[in-house]
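Subject: Structure handover

Dear colleague,

Here is the structure I promised to pass on. Please have it open while you go through the notes below it.

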Amino acid sequence: SDKPVVTYKDANLVINSNAKTSYAISSVKNYHFTKSDITLLETASGSLRIVNVDDETIEVQNAKPLASVTLTSANGVKVLSSYVGTGGNVAVNLPASKGVYVLSIGNQSFKVIRK
């Protein structure tokens, strides 16, 4: 939803938008509010950022330099193989086919949905 309402009730984090969701506060480890389509993941070296550049490209920022990067389809076919640059960034060109993919950066993996 564009404007979710976040409240706390009975030690729960409650998010109301198109659907109501409730989480026990003790199970919420980290959350971020952003105005853009960015995913932040805390790592030992800082915040790993996965940014939606456009409909065809995502960019990984602040990753470990020279870490391996792979994009694999849901059925296990490797679509892309690359490495993070020395500056910690890499652009990932998404395949034209819609579907669910797994983006692996070093020892971390993330689900990517191509709509």
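The notes below go from the overall make-up to the sheet, the core and two single residues.

Overall make-up

Please keep in mind that this is a predicted model. The protein has 11 strands and zero helices, so its pattern along the sequence is simply β-β-β-β-β-β-β-β-β-β-β. Of its 115 residues, 25% count as buried. The accessible surface comes to about 8000 Å², and carbon and sulfur atoms account for 50% of that. Among contacts between residues at least 6 apart in sequence, 29% join residues that are at least 24 apart.

The four-stranded sheet

Four strands make up an open sheet in the order β8-β7-β10-β11, and their pairing is antiparallel. The edges are taken by β8 (78–83) and β11 (108–114); each has a single partner strand, so one side of each has no neighbour in the sheet. From one strand to the next the twist averages 20°.

Two of the pairings can be described in more detail. Strand β7 (residues 68–73) is joined to β8 by five bridges in the antiparallel sense, with threonine 72 opposite lysine 78 in β8. These two strands form a hairpin with four residues between them. In the turn, glycine 76 has a positive phi of about 95°. Towards the other edge, strand β10 (residues 99–105) and β11 run antiparallel and are joined by seven bridges. Here tyrosine 101 stands opposite valine 112 in β11.

The nonpolar core

Which residues have the most contacts inside the largest nonpolar core? They are Val69, Leu103 and Ile105, in a core of 18 residues. At least two residues of this core come from each of β5 (46–52), β6, β7, β9 (90–93), β10 and β11. The most is given by β10, with three residues. As a general point, nonpolar side chains in soluble globular proteins tend to be buried together.

Valine 69 shows how these parts meet. Apart from neighbours within four places in sequence, valine 69 is in contact with Leu103, Ser104 and Ile105, among others. The list for valine 69 also includes Leu80, Ser81, Ser82, Tyr83 and Val84, together with Val90 and Val92. Leu103 and Ile105, two of these partners, are themselves among the residues with the most contacts inside the core.

Two residues of β6

Strand β6 covers residues 57–61 and includes threonine 57; glutamine 61 lies in β6 as well. Are these residues buried or exposed? Threonine 57 has a relative accessibility of 14% and therefore counts as buried, the cut-off being under 20%. Glutamine 61, at 18%, also counts as buried because that value is under 20%.

Their contacts, again without residues up to four places away in sequence, are as follows. Threonine 57 touches Val51 and Asn52, and also Ala91, Val92 and Asn93. Glutamine 61 is in contact with Ser47, Leu48, Arg49 and Val51, and with Gly88 and Asn89. Val51 thus appears in the list for threonine 57 and in the list for glutamine 61. The C-alpha atoms of glutamine 61 and valine 84 are 8.8 Å apart, with their positions 23 residues apart along the chain.

Regards

Note on methods: Residues are numbered from 1 along each chain as its sequence is written. This is a predicted model: local features need pLDDT of at least 70, side-chain atom pairs count only at pLDDT 80 or more; totals for chains, interfaces and linings use all residues. Side-chain values use heavy atoms; hydrogens and water are left out. Two strands pair if DSSP finds at least two bridges between them. Axes are lines fitted to C-alpha atoms, for helices over the stretch in contact, and angles run from 0 to 180 degrees between N-to-C directions. Buried means under 20% relative accessible area, exposed over 50%, partly exposed in between (1.4 Å probe, protein chains only). Contact means heavy atoms within 4.5 Å. Accessible areas come from the Shrake-Rupley method with a 1.4 Å probe; for residues, only the protein chains shown count as cover. A nonpolar core is a set of buried Ala, Val, Leu, Ile, Met, Phe, Trp, Tyr and Cys residues joined through side-chain atoms within 4.5 Å.
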